Structure formats: C-alpha cells, structure tokens
Amino acid sequence: MHPPRAAAAGRTASPATARLINDRLALQLLQFEGPLTAGQLKSLTGLSRPTVADLVERLQEAGLITVVGESGAQRRGPNARLYGIVADRAHLVGLDLRTHSVTVAVADLLGRVRAEHTVPIDPDGAPDTAVATALAAVDKALAAAGAPAPHTIAVGAPGLVDPATGRLGGTDWVPSWHVGLVGALRARTGVPVLLENEVNLAAIAEQRDGAAHDRDTFVLLWLGQGTGAAVVLDGTLRRGASGGTGEIGFLPVPGTGALPSASGCDGGFHSLAGSAAICTLAAEHGLSSGAAAGPDGANEPSSGTGAPTDAPPGESFVRAAVAAGDAGAAFLDALAARIALGVAAVCAVLDPGCVVLGGEIGHGGGAALADRVAGHLARLSPLRTDVRAGAVGGRAVLLGAVRAARDAAQNELFGAAGPGVSPRP
C-alpha cells in the first residue's frame, strides 16, 4: 500500500467537504510517514500554511493527533513541534476462528498489535462453552493490551459470508459456535463486528504486508487444512454473488477419481491439495515429517503468542521435504504438479498475473514449492503468471482481520474529523 498523494481538494469541493478531505489526507500522511511538523505537512499536502494550521487545530481538538516531540535539537518553538496520531484513540480486535482454536489480537489505531492470545476449543463440546471460552480470550487480550473496550472487531472464519446479510453460512460443516460467537460479540459489545471469510482476510494481509505488496491484481491460493482462494482484481477484493468466490476445493480436476458434489468437496481440488491428501502423498514417497519445526509453531503447543493450535499436519511434511533437499525433491515436485492443476484453472478464467501460495503449507513450502508450481504451470498455461510463496504464513488471517478492523475504524474516525461532527468517544 502506497502513501497517499496530495490533492487539491478545495478547488471543487465545498468548504466543509474540503476540510474533511484535507484532514483525512493529513492523517494518512501521519500514518505512513510517522510524526511530522506543520511545515512538513504543508510541503507534502501542498496546502497553505493557514489551512494546515487550521487542520492541525481541528485534529487536536478531535483527539486524533497530539504533539509527540520536536523535529531537532537545534529547533525550538511552534514550528518544530512534531505531530503524531494518537494510537490509543481506538483499540481494534481481530479474531481468527479455527475448528480447534480461536486466536485474538488487539491493536491500536495504527494497526500495531499490542496483545495476542490463543485458546484451544473442543469441537465436540457444547457450543455455548466454546463461545464463553472465546469471549474470555477476547477479554484477556483486551486486558493485556490495556484497552478498556474495543472500537471495531473483525472476525475471520471459514465458510461463506453472504454479501447481502453479512451472515456466515452456506456450508454444513461450519462449527455452530462460530456463528454463536459472532452474535455474542455483537450483542455484548455494541460495536461494529465485521465478518469476513478467512482466506479473504489472508489476502488482505499478503497485499498489505506480504508477498503481494506490489500487486493490485492477484489470487491467493490458501493451502492449509483445506484449500481456498481469494481474488483481488484492480485492488478490490471480489466476493461473488453469494460470497463463494474462491471455493476452489470444489473445483473438478483430473487425478481424484471422483467428482465433488454440492454437499462436499471430496473429489475436487481439495482431494489433491488438502492437508490429508498431502500426508498421504508424503507417505507414498516414504517421507517422514520428522520433528515439527518452523516459525509458525506448526505441530507445537501454542506459545500464547497467537500461533493457532490446529496447524495442518501436512505442513510438517512440506517443511521436512524442503529441509531434506534432494531427498524431498520428488515429493515436492509431485505436490507442485497437483497444485498447478488448480492454479492453471484459476489463471484460465481470471489471468491474475500473480498467484500467492498462502496458508501454513504454502508459506512452509517457500520458494522451493512455488518455483516448482511455476514450472508445471508454464507447461499447462500460455498465460505468464508469477507464482510466489506466501510471506505471512499461518498468522495471515489474524493480521488480515486487524487490517480490516483498522481500515473500518479509520474510515469512521478520520472521516468524522471536522466542524459540527463529534468523533466517537
């Protein structure tokens, strides 16, 4: 994401609208550049000195910026004051819901994570118990971050999120406690609760902070316990008419010996590239997962730092194959050939120019897997496509949720600064 450009908003807008646009531009510059003096704001925005002085006063009164220091030891006085965003003006909560766990992150208005907490969930237990456990995890993370209450919450969950209603559904296997937790958060907090498909949030994280940072158009192929995809075209996340864009697990592909159905993706791409299929493929190649290792904590007890407790078992085989070098090459090549089938289908329809292999397995395979997928893809598709390993890994859903909550909070607070408008307390 690139820093905002200065715009001469006041030439055509009404005075009130121009003030709002100028205020937002200044806030975006402070977010991207860090603390700035009034003189630096004047230079970067192209606004007049009196206009900058007015907006600085408005933003201070709104509690959105404050003096954070001076620009240099040799300078003193009003012109040397450095202004920065009041990061604690709002606290944001992101949640990553899995089948066996929930991970919570609390961040400030700039999106900096202040606390994370992961708790295991018994999928066979009572849904009410799971909801209570998840709510307690939210409370614990808020307390650890020193946040009295959340301003905005974003939840990433598997399943279809209906664009019209914002409700989770469309698949029978979605844990009922996921739906119950979203309802409980909305009822208990009274703040905006954004619900988004987990893979879509992972794509946001990869675009903002990861492998797709330089791309406005790309597809994220999620390789984890299951398979999924997120589609970003011209900078916009595409969800589809029913929220089903990217349900690539249902894609009919050769090599499965069956076809998927409306009630299940067995026989589809999921049967080639899901975690269970990867474990079977590894066994066929005589590959041992060995000791689990990796920065994302795969197959290790949760450290309490936000690593999900139900990382896919296929990840350890992929990491072991990468570490084994030539001994793991045959397995990686066979897996890459499978993944390339799904990628080729996506490219034939969308021509994204870039595919990111995300999730714990895509991240764990790194360049060794991505390069092999690119090689197989080049033989299947005439379309030039850059295949990259995901850079964010298993925390992509969580970080994407934080980014989504930050964007929503900033849209409200940054857009509300101005005369006659009371920013949210």
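T227 sits in strand 11, which covers residues 227-233. In this predicted model, T227 counts as buried because its relative accessibility, 14%, falls under the 20% cut-off. Leaving aside residues up to four places away in sequence, T227 touches W222, I248, G249, F269, H270, A273 and G274.

Past strand 11, the loop between strand 11 and strand 12 holds D234. This aspartate has a positive phi of about 55° although it is not a glycine. Most residues other than glycine have a negative phi. As for its surroundings, D234 is exposed, since its relative accessible area of 65% is over the 50% mark. A positive phi also turns up at D351, a residue other than glycine, with a value near 45°. D351 belongs to the loop between helix 10 (329-350) and strand 13 (354-358). With a relative accessible area of 43%, D351 is partly exposed.

Then there is the second largest pocket, which offers about 540 Å³ of space. Its lining is made up of 24 residues, and the closest to the pocket centre are I204, Q207, R208, G235 and D407. Several elements give two or more residues to this lining: strand 6 (152-157), strand 9 (193-197), helix 6 (198-209), strand 12 (236-238) and helix 12 (396-416). Sorted by class, the lining has 11 nonpolar residues, 7 charged ones and 6 polar ones.

Zooming out, the protein has 12 helices and 14 strands. Its chain runs to 425 residues, of which 52% count as buried. Among contacts with a separation of 6 or more, 65% join residues 24 or more positions apart. The accessible surface adds up to about 18,200 Å², and carbon and sulfur atoms account for 53% of that area.

How far can the coordinates be trusted? The mean pLDDT is 87, and 87% of the residues reach 70 or more. Of the elements, strand 14 (residues 386-389) has the highest mean pLDDT, at 98, while strand 8 (residues 168-169) has the lowest, at 74. Over residues 6-10 the pLDDT is below 50, and this stretch has 8 contacts beyond near neighbours in sequence. Residues 291-307 also stay under 50, and for them the model has 30 contacts beyond four places in sequence. Where pLDDT is low, the predicted coordinates should not be read in detail.

Key: Residues are numbered from 1 along each chain as its sequence is written. This is a predicted model: local features need pLDDT of at least 70, side-chain atom pairs count only at pLDDT 80 or more; totals for chains, interfaces and linings use all residues. Side-chain values use heavy atoms; hydrogens and water are left out. pLDDT is the predictor's confidence in each residue, from 0 to 100. Helices (H or I, at least four residues) and strands (E, at least two) are DSSP runs, numbered from the N terminus. Contact means heavy atoms within 4.5 Å. Buried means under 20% relative accessible area, exposed over 50%, partly exposed in between (1.4 Å probe, protein chains only). Accessible areas come from the Shrake-Rupley method with a 1.4 Å probe; for residues, only the protein chains shown count as cover. On a 1 Å grid over the protein atoms alone, a cavity is a set of points where a 1.4 Å probe fits but cannot get out, and a pocket is an open set with protein on both sides within 12 Å along at least five of seven lines; lining residues have an atom within 4 Å of a point. Grid points are joined across faces, edges and corners, and a volume is the space filled by probe spheres set on the points. Ala, Val, Leu, Ile, Met, Phe, Trp, Tyr, Cys and Pro count as nonpolar, Asp, Glu, Lys and Arg as charged, and the others, Gly among them, as polar.
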